[in-house]
Amino acid sequence: MKKKAIWITIIVLSVLFVFQIPFNLHHNAYYYATHTQQQKNRYLFVTLLDSNYLPASYVPGYNVENDDKRGSYTVSINKKRIHTEQDIVELNGAHIRYSKDYNDPNYYLNNLASFSFSENGVINEYYKIGNPPKNAKQEMKHALEQIQSEIKQNSEKPLINIQWLWNLWFSLPSKYR
């Protein structure tokens, strides 16, 4: 009888572990994304900004806006007054923008620099409108590195760490995910 009870317990615990995997991956997504081995110009956490809630405590010093779209979130992160009294950097799941004057009501149309991202978080293309600052590329890359570092440092560590599964998932070509 004891052997049967032990086997039933093992089976129940195994089933519970398997069922909790999707919740673990979703709830700890920012932790896993920032603890993956990084490739140059790839920011996995950016891919999460179109679907996962981002606690403001993960990126202190930045303004975080979580827009709830029927259970899925669209997250934008911004910071004003980086080097001057009027510059701004803004990040969402599609691009990062840098402007030298957020007081201009059309700052996103004038003197703006932007990087777009591919679906797997790789910096895709550089765009500029008007006459953005010469250091705009460096400012945007620095902001990405800083935000990623803040999330890595401040995100909650999962109770059961399944980083290996996250890494396996993101090593698959996107058409299979």
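Reader: Let's start with Leu 44: where is its place?

Author: Leu 44 sits in helix H3. Please keep in mind that this is a predicted model.

Reader: Why does Leu 44 count as buried?

Author: Buried means under 20% relative accessible area. Leu 44 has 3% relative accessibility, so it counts as buried. Leu 44 and Asn 120 are 76 residues apart in sequence, yet 6.5 Å apart in space, C-alpha to C-alpha.

Reader: Happy with that. Why does Gln 39 count as partly exposed?

Author: Exposed needs over 50%, and partly exposed is what lies between that and the buried limit of 20%. Gln 39 has 49% relative accessibility, so it falls in the middle class. This residue lies in the loop between H2 and H3. Gln 39 and Asn 66 are 27 residues apart in sequence and 27 Å apart in space, C-alpha to C-alpha.

Reader: And why is Asn 41 called partly exposed?

Author: Its relative accessible area is 23%, which lies between 20% and 50%, so partly exposed is the right label. Asn 41 also belongs to the loop between H2 and H3. Its backbone is worth a look: phi is positive, about 60°, although Asn 41 is not a glycine. Arg 81 has a positive phi too, near 55°, in a residue other than glycine. Arg 81 is found in the loop between strand S2 (72-80) and strand S3 (88-91).

Reader: On to the rings. How many aromatic pairs does the structure hold?

Author: There are six aromatic pairs. One of them joins Tyr 30 and Tyr 58.

Reader: What makes the pair of Tyr 30 and Tyr 58 edge-to-face?

Author: Two values settle it. The ring centres are 6.4 Å apart, and a pair needs centres within 6.5 Å. The planes make an angle of 80°, and over 60 degrees counts as edge-to-face. The pair links distant parts of the chain, 28 residues apart: Tyr 30 in helix H2, and Tyr 58 in the loop between helix H3 (44-48) and strand S1 (63-69). Tyr 30 is buried at 3% relative accessibility, and Tyr 58 is buried with a relative accessible area of 9%.

Reader: Why is the pair of Tyr 43 and Phe 45 edge-to-face?

Author: The centres are 6.4 Å apart, within the 6.5 Å limit, and the planes stand at 85°, over 60, so this pair is edge-to-face. Tyr 43 and Phe 45 are both buried. Ring pairs also link Tyr 31, Tyr 32 and Trp 166 into a cluster.

Reader: How do you know that the charged end of Lys 137 sits over the ring of Tyr 126?

Author: The charged end of Lys 137 is 4.5 Å from the ring centre of Tyr 126, and the distance limit is 6 Å. The charged end of Lys 79 passes as well, sitting over the ring of Tyr 62 at 5.0 Å from its centre.

Reader: Trp 166 came up in the cluster. Which residues are buried in helix H5?

Author: In helix H5 (residues 163-171), Gln 163, Leu 165, Trp 166 and Phe 170 are buried.

Reader: Why do you say that the buried residues of H5 line one face of the helix?

Author: Seen down the axis of H5, they fall within an arc of 160°, so they line one face. The face turned away from that buried side carries the exposed residues Trp 164 and Ser 171.

Reader: Last topic, empty space. What makes His 26 or Tyr 58 a lining residue of the second largest pocket?

Author: A lining residue has an atom within 4 Å of a point of the pocket. His 26, His 27, Ala 29, Tyr 30, Asn 52, Tyr 53, Pro 55, Tyr 58 and Glu 156 line this one. They divide into five nonpolar, three polar and one charged. Helices H1 (2-27) and H2 (29-34) each supply at least two of the lining residues. The pocket holds about 160 Å³ of space.

Reader: How many cavities of 30 Å³ or more does the count come to?

Author: The count comes to one. The largest cavity has about 40 Å³ of space. Its lining is His 27, Asn 28, Tyr 30, Tyr 31, Tyr 58, Ser 155 and Glu 156, which divide into three nonpolar, three polar and one charged.

How values were computed. Residues are numbered from 1 along each chain as its sequence is written. This is a predicted model: local features need pLDDT of at least 70, side-chain atom pairs count only at pLDDT 80 or more; totals for chains, interfaces and linings use all residues. Side-chain values use heavy atoms; hydrogens and water are left out. On a 1 Å grid over the protein atoms alone, a cavity is a set of points where a 1.4 Å probe fits but cannot get out, and a pocket is an open set with protein on both sides within 12 Å along at least five of seven lines; lining residues have an atom within 4 Å of a point. Grid points are joined across faces, edges and corners, and a volume is the space filled by probe spheres set on the points. Helices (H or I, at least four residues) and strands (E, at least two) are DSSP runs, numbered from the N terminus. Ala, Val, Leu, Ile, Met, Phe, Trp, Tyr, Cys and Pro count as nonpolar, Asp, Glu, Lys and Arg as charged, and the others, Gly among them, as polar. Rings of Phe, Tyr and Trp (its six-membered ring) pair if their centres lie within 6.5 Å; planes under 30 degrees apart count as stacked, over 60 as edge-to-face and the rest as tilted. Buried means under 20% relative accessible area, exposed over 50%, partly exposed in between (1.4 Å probe, protein chains only). A charge sits over a ring if NZ of Lys or CZ of Arg is within 6 Å of the ring centre and within 35 degrees of the ring normal. The arc is that of the directions from the helix axis to the C-beta atoms.
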